[in-house]
Amino acid sequence: MTSRARLILVYAFVGPVAGALLYVGFSAAAGALGLRTNVFMDPDLFRQAMAQTAGAAGWQIAISAPLSLTPALLTGWLTARRIEKAGSCPWWVSCLYGALASGPPGVIFLWAARAAYPEMAIIPHPLPGGLLIGLIGFLGTWPCWRLAAKKPIPYRSSPQNL
């Protein structure tokens, strides 16, 4: 596997997971601080919904995966491209790619969702929602960059091959 493919796979697998964990963490912190906005999910409602509708939640995650995976793949590709052209990519540039690949599309999708379903109060306003998505894209890219920056350890079938 080429280093470019490895880097993009790391971003594709780690980025969405890191982003989801950050969002759950932000929501838990907002709940603990008493911030009740439609930008964060209510952790108590999330637990209840997951317990009652695990199958539906799984389908919802599967359906929304391209919305998380596409920015992660784009961020990985932009980072790999920067490494190929400049020889390296600082963490903050890669994280900036993550924010830009996540935030603006998030604003567009939230705007479209609010336009399509104006009666749904749970859809966040596009600006704060998009900013939160961009922040999560920025912060969620850092672990991807850290893992991708490590050199792969060659496989050794036995201790004698050291």
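A disulfide is a pair of cysteine sulfur atoms within 2.5 Å. Keep that cut-off in mind while looking at this predicted model.

Start with the cysteines. How many disulfides does the structure hold? The count is zero. Take Cys95: the closest cysteine sulfur to its own belongs to Cys144, 8.4 Å away, which is too far for a bond. Cys95 is buried, with a relative accessible area of 1%. Cys144 is buried too, at 2% relative accessibility.

Cys144 also leads to the next feature. It belongs to the largest nonpolar core, a set of eight residues. Its companions there are Leu7, Ile8, Val10, Tyr11, Ala80, Trp145 and Ala148. In soluble globular proteins, nonpolar side chains tend to be buried together. Which helices each supply at least two residues of this core? They are H1, spanning 3-33, and H5. H1 gives the largest share, four residues. Now pick out Ala148. Setting aside neighbours within four places in sequence, Ala148 is in contact with Arg6, Leu7, Val10 and Tyr11.

Next, turn to the aromatic rings. A pair of such rings is described by the distance of the centres and the angle of the planes. The structure holds one aromatic pair. The ring centres of Trp91 and Phe138 are 6.3 Å apart, and their planes stand at 70 degrees. An angle over 60 counts as edge-to-face, so this pair is edge-to-face. Trp91 sits in helix H4 (residues 91-116) and Phe138 in helix H5 (residues 126-149), so the pair ties together parts 47 residues apart in sequence. Are these rings' residues buried or partly exposed? Trp91 is partly exposed, with a relative accessible area of 39%. Phe138 is partly exposed as well, at 26%.

Key. Residues numbered from 1 in each chain as written. Predicted model: local features only at pLDDT ≥ 70, side-chain atom pairs only at ≥ 80, totals over all residues. Heavy atoms only, no water. Phe/Tyr/Trp six-rings, centres within 6.5 Å; stacked < 30°, edge-to-face > 60°. Buried < 20%, exposed > 50% of the residue type's maximum accessible area, 1.4 Å probe, protein only. Core = buried A, V, L, I, M, F, W, Y, C linked by side-chain atoms within 4.5 Å. Contact = heavy atoms within 4.5 Å.
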